[in-house]
Structures are given as structure tokens and as C-alpha cells.
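Please walk me through this structure in the viewer, one selection at a time. I am new to it and would like to know what to click on next and what is there.

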2 protein chains.
Amino acid sequence: MDRCVVSIDLGGSHAAVAVVQGAKLLASREIELDHAQDLRPVLDIFANAVRELLRELQIPAKDCLGLALGFCGLADGRIGRVISTNKKYEDAPGIDFNEWSMRELGLRFAIENDARMALLGERHAGAAHGYDNVVMITLGTGIGGAALIEGKLLRGKHAQAGCLGGHLPAKVGGRLCTCGAVGCSEAEASGWALPIMAKEWKGFEHSALAQREKIDFRALFELAKAGDRVALEIREYCLQVWATAAVGLIHAYDPELIVIGGGVMRSANVILPHIQQFVNEHAWTPWGKVKIVAAELGNHAGLFGAEPLLTGNV
Amino acid sequence: MDRCVVSIDLGGSHAAVAVVQGAKLLASREIELDHAQDLRPVLDIFANAVRELLRELQIPAKDCLGLALGFCGLADGRIGRVISTNKKYEDAPGIDFNEWSMRELGLRFAIENDARMALLGERHAGAAHGYDNVVMITLGTGIGGAALIEGKLLRGKHAQAGCLGGHLPAKVGGRLCTCGAVGCSEAEASGWALPIMAKEWKGFEHSALAQREKIDFRALFELAKAGDRVALEIREYCLQVWATAAVGLIHAYDPELIVIGGGVMRSANVILPHIQQFVNEHAWTPWGKVKIVAAELGNHAGLFGAEPLLTGNV
């Protein structure tokens, strides 16, 4: 039987703390972190949550494989540290997580970037099960990415490789991205870029989109389905950016499978066939066709990455 | 002292056969292959050329480390075979090169994609000496690429990873590329794309470019320097595509160094500062700045990749 692991998925505004066994989530707790600035005080909250969960489940810490943390910034699983943050948890690169975890919980520790953790999770218990060559993309407020090549996470010298999939160019001379680059696929077709793009779109003021308080992908896909011209045009552009990005990621990393996650996959019935067809027609893969599939584990994907990160040679 | 290696760089229309020692080209021979279709007959020509060169140098085959072939298509150094060709040498995937090399020359054999060989060469004896994390781009008729990550060539399951650097997207909805994809940097700003783009450029008919029999980068940079408006605009666009591609390659592969080669680097004085500045301003590299440098070994780079390919764990 699989041993338990403790898993934490740390985002910018909230975290999930969980105990996972194989493909089963035994228990979990959501923690709001809107007002947190530094990570050290948050670690105390995590330690308490872990102790509570283990107590409730009547699992002694020594029966757990360890604790893995998916971090919303650059982290390097090989050395167990945060490399770079993005305007939150700025104290993280200085933290010795392993020391903290052993001292507070008696648990062996591992850390990785959250997108890499989600990929490991989907491979362990979701849409990428059985695959060694996988790219994962998460279409959300930003566009996340990770790449697994021949069973290993691609990391690179500064732990940046593979996890900037949303920051490959889509459009020369395009919109300035939050990462500093120009025309990244994230800057052209992500949740944060959508309202900016919509308001600049020709005819926006006559579109039902202009009536919405919140211009998000849910509204966009809903209005496009209802036949709103501007919504249809913008949806078409986003699909084109995502499909182009998929071909770029195939050319960059040579995967057999692309797993697409994120909130916008509520409209997977529109998105997947479009990207699969574009990839079939345009990706240069003389060996066959790359499969495009939806993520299966939703927001929990990263939690299932804990076991492979702690035990596997990934 | 370094041992000799025999090295062959096989392009679409010609090949170079050479004997190399360390960073020194001891002797070489150029072979025209415009009319060659299959590779098997060409191998006989190579075997004769190698025997002649070794005889002239008075080096017995047994004193050589082996023979390495840089191939103008997808090849996989790990298994010593050609994976896929591009409308020439279609018989190559069926050839057992090692058997041929041992039988004809008594030399151990290794093969790789030509762009990967050029990168290994520049690292062994040129601009990338001492670096373990390198991307190489060759700006020529097409745009070639290769990536070295932590001292290893990136290859991937189907040997495609890293060597399609010219086929990452630059422009969503852009020009159809020879590879089948849309808006690749090669389709937007390479030698073959340049005359197509120029003829569609606004004002082309009034440009001195229109008077040229051959619209190539030499003409473009020459006329731009002379102040021709259309040439200046097109040069600016190409620089923008190349700089955007460089940022994309940095985000994809996490290198410390980008080496740029190819005929257009005659104008390195214009190209390098432009790309370096764009990368400094726009690449997301919290650890520092990626250096952009010119290739040093010209067309011979691939020949110097033979020794590391035969001896190294690359």
C-alpha cells in the first residue's frame, strides 16, 4: 500500500494543506493568505494545520514519507530551496525548509515550483499517467507551464527551464508582459490580459462584454456561445494564441502529450478540439501526433505531486 | 596531446570532410552534393575522402578516436541513427552507420544533428568554451538551433528537443513555415523568408532592394546602412524577431549564453548590441543577464563537435 505524504500547495492568495495517499486525498484544509507578506509566519500556520490533519486522521508523522511544498515562484527541487519570488513571500529564498520541517514536524522535506508539482500530480494520478514526456499548461490569470522530458522535470541551471511555458513569445511587438518580456502567450491571452485586450478591441462598446462588471473567460465563452461578435472574435484570437503556444511547446520540448488545466477548461469542449486540430496540422512531429488532453485533478493536481517528488528520481 | 578525430559536416548541397585535433583543423575537403539524392552512394565518397586525408597526413586510422557525422536533419546521438530527413537523403534512417564506418574505415562512429554539432564545436573550441548552459542559433537560409543544459545536449524522446529553435512561434497568425507551423521565427526572419517579406513590404517598388537581382541579408544590411527606408524597416523587423526569439529561447532553456552564428553575422556589429539590449531589458532572469555572443568557428563549427560527441558524456 502507498504510504501517506503531507502536501502543501502554496499560491499567492491561498494555500491547500493535505494528506495524500496514492491517488487519494485523505484530508485537506484551505488557508486564506490574502494579507500574508512574509512566508515565515505562514510556515507556523502550515505546521499547525499539518499537526491537526495528522491527529484527525490518527496518522503518526513517522508513518508519512515526508512533506512536499509546491511554491508559486521559482524553486529548485534538487536543492530544496526557493530561487526567486514574484512580489510576495520575499523572505522565501533565505529559508531552510528542510530544517524547519524536521524540527517542527519530523518530516523529510521537498519543494518545487507549483506548475512542476501539478505536472507531477497529473502524471501520478491524473491525465498524464503512464507518460514520460509531457508538457503541462495552465490557462488561468496567468499561463503556467512545466515540462517533463524522459521522466525528468526540466529545470536548467537556474531552475527556470520548462516552467516559463506561458512566457514564450506569441507575438513579436505584442503586449508587455508582467514578466518583462514582450508578446508572451500570457500577455496575449490570459485572464489578466483579457480585459485589457477586450477594451481595445474594435467594436467593444457595442458588445455585451462591455456590460459585464467582470470581463473574464467565463463571460467571454458564454457571450461567444450566444453569438456576440466581439466575444467570438476575441475567443478566436485566444484559441489561436493557445494553439500556437502548444505548437511552440511541442517544438521546444518534444512531448508525447500536452495536458491543459486552468479555470478556462470549463470550456474544454471548445478549446481541446481546436488545439488538437491545429497541432495535428501544424506541429512538426514526424514520429506521430501529440495528444492534447484536459487536466483531471483541477486545483488539487499539485497536491498529488508530493509523492513522486519525495520518492521518485524526477 | 589530443587525439585526432575524423569529422564530417553534411549539409543539403555540400559536405566538409576533415581531420581535427583539439581546436585545430589538420586537413579538410569540401564535397559538392547538389545532385546527390540518396546517402548510401555519398558514404562511398566520404570513405574515399577520409582514406585520402589520413594518407596525406600520415595518420593511421587506429590513431583516431573515431568518426563523427553532423547530419542536416533529425539525428539521435544516443542511438547513432538518423530519425527524420527533410526531402533529401531519404534512405538515411535505414542506414547502420556504425557498421559502415567500422567496415570501411575501422573507425568508431557517432552522429548528431548538425546544429547540435555546431554547438558542441563552439563549446569545445569557440565562443561557448567553458559554458555548460548554452543555446546556439544559426541565422541563415533557415534558422537552426540547439540547446545544451547542464552540460548535456537536450534531445527528448524523438530527438527533436532543442534543435527546433527557429521553429518556436514569433507571430501568431504569421507566415506559413516550411516546417508546417505558422509564424515561426524562421518564417518571419530567415534567408528564405526575406525576399517573400520584402516583396510584400509597403513601398518595396520604390526601394533600392527592388533593383537587386538577389534579395538577401547582405543586400538588406548594405542598403539599410545606406539609408534606404524600406531596407531599414525590414532590418528593424528582423532584429525584433531575432531578439524576441532570443528571449523565448532563454525562457525555454535557461542558458547563461546564447551563441549566434550564420552568414548574417557579417553584420554582428548591428545585430549583437540590438539583441543584447533587448535581452537585458526583457528576459526574465532574476539570477543575472544572459550573454549574447557571435559564433567564432563559422562553417567549421560542426567539425569541432566531433571530439566531444565521441568522447564526452554529452
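**A tour of two sheets and some ring pairs**

Begin in chain B by selecting helix α3 (residues 114–125), which lies across β8, β9 (143–149), β10 and β11 of chain B and runs at about 55° to β9(B). Helices here are DSSP runs of H or I with at least four residues, strands are runs of E with at least two, and both are numbered from the N terminus. Contact means heavy atoms within 4.5 Å; axes are lines fitted to C-alpha atoms, for helices over the stretch in contact, and angles run from 0 to 180 degrees between N-to-C directions.

Now add helix α7 (residues 229–253) of chain B, which packs on the sheet and touches β8, β9 and β11 of chain B, its direction making about 150° with that of β8(B).

Before going on, note that this is a predicted model, where local features need pLDDT of at least 70, side-chain atom pairs count only at pLDDT 80 or more, and totals for chains, interfaces and linings use all residues. Residues are numbered from 1 along each chain as its sequence is written, chains are lettered from A and ligands numbered from 1 in the order in which they are written, and side-chain values use heavy atoms, leaving out hydrogens and water.

**The sheet of chain B**

Hide the helices and follow the open sheet of five strands in the order β10-β9-β8-β11-β12 (chain B), where the pairing is mixed. At its edges stand β10 (152–153) and β12 (291–294) of chain B, each with a single partner strand, so one side of each has no neighbour in the sheet. Two strands pair if DSSP finds at least two bridges between them. Select β8 (residues 134–139) and β11 (residues 257–261) of chain B: they pair in the parallel sense over five bridges. One bridge to find joins B:Val135 to its partner B:Ile258 in β11(B).

**Rings in chain A**

Which residues of chain A do ring pairs link into a cluster? Select A:Phe97, A:Trp100 and A:Phe109. The ring centres of A:Trp100 and A:Phe109 are 6.5 Å apart with planes at 85°, so this pair is edge-to-face. (Rings of Phe, Tyr and Trp, using its six-membered ring, pair if their centres lie within 6.5 Å; planes under 30 degrees apart count as stacked, over 60 as edge-to-face and the rest as tilted.)

Is A:Trp100 buried or exposed? A:Trp100 is buried, at 5% relative accessible area, and A:Phe109 counts as buried at 10%. (Buried means under 20% relative accessible area, exposed over 50%, partly exposed in between, with a 1.4 Å probe and protein chains only.)
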